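Trainee: I'd like to go through this one and check that every label we use is earned. Can you take me from the terms to the values?

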Amino acid sequence: MNGVPTMDVIDSHTEGEPTRVVLTGWPEPPGHTIAERRTFMEREQDALRRGVVREPRGHDAVVGALLTPPERPTAAAGVVFFNDVGYLGMCGHGLIGVVRTLQHVGRVAPGHIELDTPVGPVSAELSDDGVVTIRNVPARVHRTDVTVTVPGLGEVTGDIAWGGNWFFLTELAGVPLTLDHRGELLRLTTAIRDTLIRAGITGSAGALIDHVELFTAPSRPDADARNFVLCPGSAYDRSPCGTGTSAKMAVLHAKGRLRLGQRWRQEGIVGSMFTGWLEADGDALVPHIQGRAFVTARATLLFDPQDPFRHGLA
Ligand code: PYC
């Protein structure tokens, strides 16, 4: 199809959660920082975001990642994460997928890799066996033991923490965190998020809390807890959620239940696992998240000007 705009992408999944990395075809968003590039994408290139991750080419669980030039000369790339409804700050599973994708195309080798994101510098260690350990942006607790009254659910008490995205973290008795209950889990976590928004409860500086994370006892004997994570929009994370595990570890540390360096093994809703731990960097609590990603496809997306849905379904 001569003359039709195209994009080359690589798909992967990290512990079950998909990532689609855009390699070519997306006009480079200008900006001195990755945050400026993301603002430009939101303002001027949003149709491309929708076309890459929404149906008919994608679905609501796909997280897209645009590679850009980095901010720091030491970084391999800048990266802006996005999904079907907007843009993410950081994305833990996505970063693991990006590292394996960069390895797949020969841009990085096992060892230390620096990357720049809109919310700060991050890095990764890629092992010879393909396991990736990311060093996330610092995590912090904003408020603990916040109680809200959720229609149809009653009083829910949880903690608000940052792990690269904003999270409300809680436990709900009565609904098993299993895939066959995902419909109900989506409904309940969406009701919690809507209640927080209506009540004006936010992260710091009025930031929207767009992720809700539920916890329960693990099913795996080698895990410490199992979770269910509502992502922005109406998708749930198939992986144990890197930024959510970071936020959880910050809460556990603040409550005296996780020491620096102590391993936290987080099982996700499909039974996969991330291993995380916290390190101190001055006053900052730096989460490390370890997991695996597998490349699943290389594709060329075609944006036929005749196609009324080339920029995705609404
Ligand atoms: O792994 O941080 C994560 C994440 C955020 C949204 C989906 N995955």
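Mentor: Sure. Start with the element names: helices, of at least four residues, and strands, of at least two, are DSSP runs numbered from the N terminus. Keep in mind that this is a predicted model.

Trainee: Where does Glu15 lie, then?

Mentor: In the loop between β1 (6-14) and β2 (17-24).

Trainee: What makes the phi of Glu15 worth a remark?

Mentor: Most residues other than glycine have a negative phi. Glu15 is not a glycine, yet its phi is positive, about 50 degrees.

Trainee: How do you know whether the peptide bond from Glu55 to Pro56 is cis or trans?

Mentor: Look at omega, which is near 10 degrees there: that bond is cis. Most peptide bonds are trans. As for the place of Pro56, that's the loop between α2 (46-53) and β3 (63-68).

Trainee: On to the empty spaces. Why is one of them called a cavity?

Mentor: A cavity is a set of points where a 1.4 Å probe fits but cannot get out. The search of the whole structure finds one cavity of 30 Å³ or more, and the largest cavity holds about 140 Å³ of space.

Trainee: Which residues line the largest cavity?

Mentor: There are 19, with Glu17, Val63, Leu88, Cys231 and Asp237 nearest the centre. Both α3 (92-104) and α5 give at least two residues to that lining. By class, you get nine nonpolar, seven polar and three charged.

Trainee: What takes up the space of the largest cavity?

Mentor: The ligand does. To sit in a cavity, a molecule needs more than half of its atoms within 2 Å of the grid points, so the ligand passes that test for the largest cavity.

Trainee: Which residues surround the ligand?

Mentor: Glu17, Cys91, Gly92, His93, His211, Cys231, Asp237, Cys241, Gly242 and Thr243. In this shell, three are nonpolar, five polar and two charged. Here too, α3 and α5 each supply at least two residues.

Trainee: What makes the pair between Asp237 and the ligand a polar contact?

Mentor: The cut-off is a pair of N or O atoms within 3.5 Å. A side-chain N or O atom of Asp237 is 2.7 Å from a nitrogen atom of the ligand, so the pair qualifies. Gly242 qualifies through its backbone, with an N or O atom 2.7 Å from a ligand oxygen. For Thr243, a polar side-chain atom lies 2.7 Å from an oxygen atom of the ligand.

Trainee: How much of the ligand is buried by the protein?

Mentor: Taken alone, the ligand exposes 240 Å², and 99% of that is buried by the protein.

Trainee: And why is the other kind of space called a pocket?

Mentor: Because a pocket is an open set of points, with protein on both sides within 12 Å along at least five of seven lines. The largest pocket has a volume of about 180 Å³. Its lining includes Arg38, Tyr87, Trp162, Trp166 and Asp210, and divides into six nonpolar, three polar and two charged residues.

Trainee: What lines the second largest pocket?

Mentor: That one has 13 lining residues, with Asp159, Leu169, Glu171, Lys248 and Lys255 nearest its centre. β9 (154-162), β10 (166-170) and α5 (242-254) each give two or more residues to this lining. Four of the lining residues are nonpolar, three polar and six charged, around about 150 Å³ of space.

Terms used: Residues are numbered from 1 along each chain as its sequence is written. This is a predicted model: local features need pLDDT of at least 70, side-chain atom pairs count only at pLDDT 80 or more; totals for chains, interfaces and linings use all residues. Side-chain values use heavy atoms; hydrogens and water are left out. On a 1 Å grid over the protein atoms alone, a cavity is a set of points where a 1.4 Å probe fits but cannot get out, and a pocket is an open set with protein on both sides within 12 Å along at least five of seven lines; lining residues have an atom within 4 Å of a point. Grid points are joined across faces, edges and corners, and a volume is the space filled by probe spheres set on the points. Ala, Val, Leu, Ile, Met, Phe, Trp, Tyr, Cys and Pro count as nonpolar, Asp, Glu, Lys and Arg as charged, and the others, Gly among them, as polar. A residue is near a molecule or strand if one of its heavy atoms lies within 4 Å of it. A polar contact is a pair of N or O atoms within 3.5 Å; within protein, one must be able to donate a hydrogen and the other to accept it, and residues adjacent in sequence count only if both atoms are side-chain atoms. Accessible areas come from the Shrake-Rupley method with a 1.4 Å probe; for residues, only the protein chains shown count as cover.
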